[in-house]
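Q: I'm new to this one and would like to learn how to read it. Could we go through it feature by feature?

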Amino acid sequence: MTNTLNRELSNRHIQLIAIGGAIGTGLFLGAGQSISLTGPSILLTYIIVGFVLFMFMRAMGEMLLHNTEYKTFADIAHHQIGPFAGFVTGWTYWLTWITSGMAEITAVAKYVEFWIPDLPNWITSLSCILILMAFNLTSTKMFGELEFWFAIIKVVTIIALIIVGIVMIVFAIKTPFGHTSVANIFNNGSFFPHGASGFFMSFQMVVFSFTGIEILGITAGETRNPERTIPRAINSVPIRILLFYVGALAVMMSIIPWQDIDPNNSPFVSLFALIGVPFAAGLINFVVLTAASSACNSGIFANNRILFGLSEKKQTHHLLMKTNRKGVPYIAILVTCALLSITVLLNYLIPNATQVFFYVTAISTILLVIVWMFIMHSYAKYVKSHPEDHKRSAFKLPGGINMARMVQLFFVFVLIILFLVPDTRMGIILSPIWFILLALIYLRYTRKARKLEVNNQKEK
């Protein structure tokens with residue numbers, strides 16, 4: 001047994017992990033609701049949020065390349081701000097993936113129900129956890145392969161929709177909603193049909209759909225040739241956002257005017273059904289099943305690497321740093337999957353646990369935005385404490401410290417929006433409890449460390 005991670009993730013793994021992290025189930029299932037609540041201005045929201053998160057990724061990328069020994073962004077916060085910041089960032093990110101992982105596992109069970117309605121949700125949940133655990137225990141490369149193929153499925157589906165949609169628009173095909181045309185985006189009312197409030201409220205929905213984009217910061221410690229691979233993956237983020245989000249939604253609204261899009265159904269299903277694909281619902285169900293499985297897989301990987309990093313800094317039990325011959329922290333994986341298995345029990349006790357997990361996911365998204373803020377604060381500290389390294393960096397954040405401050409202000413704006421939305425307000429109100437708990441645990445941990453140090457000195 002060793003205590004080191006292996007660099008087994010290749011360029012193609014990292015490229016597709018970055019794509020997969022940027023495309024969640026929200027695009028396939030929640031796009032109809034986003035469009036109906038916001039109208040055409042949802043395109044502008046995606047462009048704004050996409051730009052801000054690209055700047056966020058550039059800041060994170062610059063720090064990861066400044067020190068290629070960073071294994072996760074909890075390491076960055078620990079080094080740039082201090083041990084307590086690293087402790088809070090690591091454990092908060094851990095909680096976001098535990099809670100969102102539980103929600104995604106429940107979602108997997110719901111999607112399987114589409115084909116096997118009599119299969120109990122708890123059996124599907126348990127099977128999902130065991131299969132993904134087995135893959136993650138095998139090797140880091142196996143995690144990369146899984147994410148590669150999960151992402152390929154999402155990418156092929158979106159590109160197929162865009163190509164078919166463009167053909168329909170070019171030939172102005174007649175549908176039950178009229179002739180297909182780009183003009184449908186703008187011809188049916190205002191670009192901001194629900195005014196400024198509708199536009200601002202759309203930001204929380206769009207930010208939800210990008211949760212997971214930061215997963216690239218967890219893979220850095222196991223990436224081959226990070227100096228070349230990480231910049232390539234990050235620099236392609238804008239193209240992916242424009243293609244997969246803005247492009248797909250623009251095509252949808254060109255074919256089906258936004259007022260006619262059913263918020264309760266996936267517009268992907270409606271569009272594929274419109275062109276005569278008989279198994280449209282089954283196809284999209286398969287895609288969202290793989291997207292949810294991908295999120296679970298990423299959660300297991302992210303959490304065991306976070307636990308490994310915290311253990312390395314003696315901020316949790318030392319056994320969590322143990323790795324097998326393949327450089328996989330197997331005890332951390334087993335602990336993560338054991339916690340995720342609470343989902344199995346909840347699905348057994350509460351057959352309709354979907355609403356419970358909706359609120360849990362809302363809290364995890366709020367905590368994730370706070371983690372993003374910690375990363376940007378780390379960047380501000382890095383620029384001040386390493387000005388020469390920042391100047392010499394070949395992969396700088398455009399705008400430097402001023403851009404970092406702008407991104408931080410945007411995250412504050414998102415938290416304000418989340419407080420104003422009734423469905424997420426309770427999450428904002430409850431989230432301080434987590435940070436108070438962490439502060440108390442950290443105080444206990446530091447006192448223990450001091451006592452141990454004093455005892456060691458006495459023995460000497």
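A: Sure, let's begin with rings. Rings of Phe, Tyr and Trp count as a pair if their centres lie within 6.5 Å, and planes over 60 degrees apart make the pair edge-to-face. Keep in mind that this is a predicted model.

Q: How many aromatic pairs does that rule give here?

A: The count comes to 29 aromatic pairs. Take Phe73 and Tyr93: their centres are 4.7 Å apart with 80 degrees between the planes, an edge-to-face pair. Phe73 belongs to helix 4 (residues 73–80) and Tyr93 to helix 5 (residues 83–113), so the pair links distant parts of the chain, 20 residues apart.

Q: Are Phe73 and Tyr93 buried or exposed?

A: Buried means under 20% relative accessible area, and both Phe73 and Tyr93 are buried. Now try Phe87 and Trp91: the ring centres are 6.5 Å apart and the planes meet at 65 degrees, so this pair is edge-to-face.

Q: Where do Phe87 and Trp91 lie?

A: Both are in helix 5, 4 residues apart, which is about one turn of the helix. Phe87 is buried, and Trp91 is buried as well.

Q: What happens when ring pairs link up?

A: You get a cluster. Here ring pairs join Phe56, Phe186, Phe191, Phe192, Phe199, Phe200, Phe203, Trp372, Phe410, Phe411 and Phe413 into one.

Q: Which residues have the most contacts inside the largest nonpolar core?

A: A nonpolar core is built from buried residues such as Val, Leu and Phe, joined through side-chain atoms. The largest one here has 130 residues, and Tyr93 and Phe411 have the most contacts inside it. Leaving out residues up to four places away in sequence, Phe411 touches Val52, Leu53, Phe56, Val369, Trp372, Met373 and Met376.

Q: What about charges and rings?

A: Look for a charged side chain over the face of a ring. Arg58 lies over the face of Phe395, at 4.1 Å from the ring centre. Arg425 does likewise with Phe419, at 5.8 Å from the ring centre.

Q: Let's finish with a polar residue. Why does Ser294 count as buried?

A: Ser294 counts as buried because its relative accessibility is 3%. You'll find Ser294 in helix 14 (residues 280–312).

Q: Which residues is Ser294 in contact with, apart from its neighbours within four places in sequence?

A: Ser294 is in contact with Glu147, Phe150 and Lys154, with those neighbours left aside. With Glu147 there is also a polar contact of 2.9 Å, joining the side chains of Ser294 and Glu147.

Methods
Residues are numbered from 1 along each chain as its sequence is written. This is a predicted model: local features need pLDDT of at least 70, side-chain atom pairs count only at pLDDT 80 or more; totals for chains, interfaces and linings use all residues. Side-chain values use heavy atoms; hydrogens and water are left out. Helices (H or I, at least four residues) and strands (E, at least two) are DSSP runs, numbered from the N terminus. Buried means under 20% relative accessible area, exposed over 50%, partly exposed in between (1.4 Å probe, protein chains only). A polar contact is a pair of N or O atoms within 3.5 Å; within protein, one must be able to donate a hydrogen and the other to accept it, and residues adjacent in sequence count only if both atoms are side-chain atoms. Contact means heavy atoms within 4.5 Å. A nonpolar core is a set of buried Ala, Val, Leu, Ile, Met, Phe, Trp, Tyr and Cys residues joined through side-chain atoms within 4.5 Å. Rings of Phe, Tyr and Trp (its six-membered ring) pair if their centres lie within 6.5 Å; planes under 30 degrees apart count as stacked, over 60 as edge-to-face and the rest as tilted. A charge sits over a ring if NZ of Lys or CZ of Arg is within 6 Å of the ring centre and within 35 degrees of the ring normal.
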